[in-house]
Amino acid sequence: MTSALHYLIAVRRCEMGELEQLLHTSALVRQLGALIHALQAERGLSNIVLASSGQRGTSVRLAQIQTADRCAAQLHQALAQLDLNAFQGGHGARLFNHIAYVLQGLDALPALRQQVSALALTPDAATAAYIRLIAGLLAVVFEAADSATEPGISRLLVAMFHFMQGKELAGQERATGAAAFGSGRSQAARQQHWLHLIDAQERCFQVFADCAPATPLALWEKIQHHNPELLVIERMRRMGCTAATGQALDAELSTPWFDACTARMDALYAIEAQLADELQQRCTAQLQAARQAPEPRALLQRSAGAGDAPAPTAPDGLPDFFHAPAPEATLQLGNSLAPQLGQSVLSLVQEQSQRLQAMQAELETVRSALTERKTLERAKGLLMAHRQLSESEAHKLLRQTAMNQNRRLIDVAEAVLAMADLLPPAQG
């Protein structure tokens, strides 16, 4: 008959399995970040080419395509080396679904590039296509952040995902500004989208700052206060976002705008690389610590030789089992189990339960940012479908409603979702 100690050892095995999954996922995050960075630059250069009708940026774009292809090849190589059997349950299914979607997008990328080369797309259409592909890549990172069950690693992944999302919004701003200046004419809709991108990336970077480790956060503060390119970007933001509708813009400014934004994006990518390094180091350290703990077979043999200590009793004569709080039903990842055999199995169960409860509370706090983000995105998607709004218009409506009603943005988003069943069918 199996004992409680057998199941405590099973907890340790589960923890090691989850850590191994997370280590595999963290290795993918670095490759994804490199490809996203390359595609972001390709997107901005494509907008310069399209907005100038092929007069500017063509040769630089072709060189950037080669860089992106190298990054894509490295990602394919990393995926080929992935142990698919190491991923189990819902996390593995969601992760593989996102990866399958991304691979379809990479297969379709040559057709998009051909359309850009033929000047057959508008800058806005090309931007939307690249955004779709990059969003798929970011979804893999989000899955890693949403599935991590160790609070310290989860906090780091939350910081990293929001930083990468903020960087993607900064990349979209680069493409939007390149299209605006390259076209030589101010457009009201583009200005509103531009302002939305500025606001949205600042919100993402704030979540990053709240969760980030000390070293990446110090580098972030440095580029925020000692980056000359930001002065150029702020000056050109005012030019592009405050010009009257239809007012002429200097088309020659598309290149200095792109160069200043690219310098900023490269600085952001350096921070992202630090986050990726720290993520892999933490996952490796946690897994090594788990592997250095006593082997389950040896632990059982030692326990069989020593025997369990007798269960202590309370003053009323009942064993302590009937007085101790019951353990939580949901187990979360923690430090490896290393029981002291001089204690009773009951005390081990109680200690494990207390540790898991404490970690569950910390994990819920860390992941609240991800939960709120999913709720907000669902609410925006509902408004976009039923009101025929753009993403920026849907977000603006939610934010304005929150201000008018003096409520939190997340509360308004939850109210919108609560009314989903009462909304008319979306127009096809």
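# Helices, burial and backbone turns in a predicted model

Guide: Of the 428 residues of the protein, 46% count as buried, and the model discussed here is a predicted one. The protein holds 14 helices and 0 strands.

Visitor: How do you know which contacts join residues far apart in sequence, and what percentage do they make up?

Guide: Among contacts between residues at least 6 apart in sequence, 81% join residues at least 24 apart.

Visitor: What makes the length of helix α5 agree with the expected span?

Guide: Helix α5, residues 151–183, has 33 residues, and the 48 Å from its first C-alpha to its last is close to the 48 Å expected at 1.5 Å a residue. In α5, 30 of the 33 residues are buried, and the helix is accordingly described as mostly covered. Glycine 184 follows α5, and the phi of this glycine is positive, near 75°.

Visitor: How do you know that the span of α6 agrees with its number of residues?

Guide: The 24 residues of α6 should span 34 Å at 1.5 Å a residue, and because the end C-alpha atoms are 36 Å apart, the span is taken to agree. Among the buried residues of α6 are Arg190, Gln191, Trp194, His196, Phe205 and Phe208.

Visitor: Why is the packing of α6 against α7 called oblique?

Guide: Helix α6, residues 188–211, and helix α7, residues 214–225, pack at an angle of about 140°, with their axes 9 Å apart. Angles over 145 degrees count as roughly antiparallel and those from 65 to 115 as roughly perpendicular, whereas the rest, once those under 35 are set aside as roughly parallel, count as oblique; therefore α6 is oblique to α7.

Visitor: Which residues meet where α6 and α7 pack, and what are they by class?

Guide: Phe205, Phe208 and Ala209 in α6 meet Pro216, Leu217 and Trp220 in α7. By class, this contact of α6 with α7 has 6 nonpolar, no polar and no charged residues.

Visitor: Why is leucine 217 called partly exposed?

Guide: Leucine 217, which is found in helix α7, has a relative accessible area of 23%. Buried means under 20% and exposed means over 50%, so leucine 217 is partly exposed. Not counting residues up to four places away in sequence, leucine 217 touches Phe208, Ala209 and Ala212. The C-alpha atoms of leucine 217 and leucine 275, which are 58 residues apart along the chain, are separated by 9.7 Å.

Visitor: Why does lysine 380 count as buried?

Guide: Lysine 380 is found in helix α12, residues 368–387. The cut-off for buried is under 20% relative accessible area, and because its relative accessibility is 4%, lysine 380 counts as buried. Leaving out residues up to four places away in sequence, lysine 380 touches Glu391, Ala394, His395 and Leu398.

Visitor: What makes threonine 375 buried, and which residues is it in contact with?

Guide: Threonine 375 also has its place in helix α12. With a relative accessible area of 12%, set against the cut-off of under 20%, threonine 375 is therefore buried. Its neighbours within four places in sequence left aside, threonine 375 is in contact with Ile410, Ala413, Glu414 and Leu417.

Visitor: How do you know that cysteine 241 and cysteine 261 are buried, and how many disulfides does the structure hold?

Guide: Cysteine 241 has a relative accessible area of 14% and cysteine 261 one of 5%; buried means under 20%, so cysteine 241 is buried, and so is cysteine 261. The structure holds 0 disulfides.

Visitor: Why is a positive phi worth pointing out in a residue other than glycine?

Guide: Most residues other than glycine have a negative phi. Leucine 119 has a positive phi of about 55° although it is not a glycine, and this leucine lies in the loop between α3 (89–117) and α4 (123–147). Glutamine 388 likewise has a positive phi, of about 50°, although it is not a glycine, and glutamine 388 lies in the loop between α12 and α13 (391–405).

Visitor: Why are leucine 119 and glutamine 388 called partly exposed?

Guide: Partly exposed lies between buried, under 20%, and exposed, over 50%. Leucine 119 has a relative accessible area of 39%, so leucine 119 is partly exposed, and glutamine 388, at 48% relative accessibility, therefore counts as partly exposed.

Conventions. Residues are numbered from 1 along each chain as its sequence is written. This is a predicted model: local features need pLDDT of at least 70, side-chain atom pairs count only at pLDDT 80 or more; totals for chains, interfaces and linings use all residues. Side-chain values use heavy atoms; hydrogens and water are left out. Helices (H or I, at least four residues) and strands (E, at least two) are DSSP runs, numbered from the N terminus. The expected span of a helix is 1.5 Å times one less than its number of residues. Buried means under 20% relative accessible area, exposed over 50%, partly exposed in between (1.4 Å probe, protein chains only). A disulfide is a pair of cysteine sulfur atoms within 2.5 Å. Axes are lines fitted to C-alpha atoms, for helices over the stretch in contact, and angles run from 0 to 180 degrees between N-to-C directions. Contact means heavy atoms within 4.5 Å. Ala, Val, Leu, Ile, Met, Phe, Trp, Tyr, Cys and Pro count as nonpolar, Asp, Glu, Lys and Arg as charged, and the others, Gly among them, as polar.
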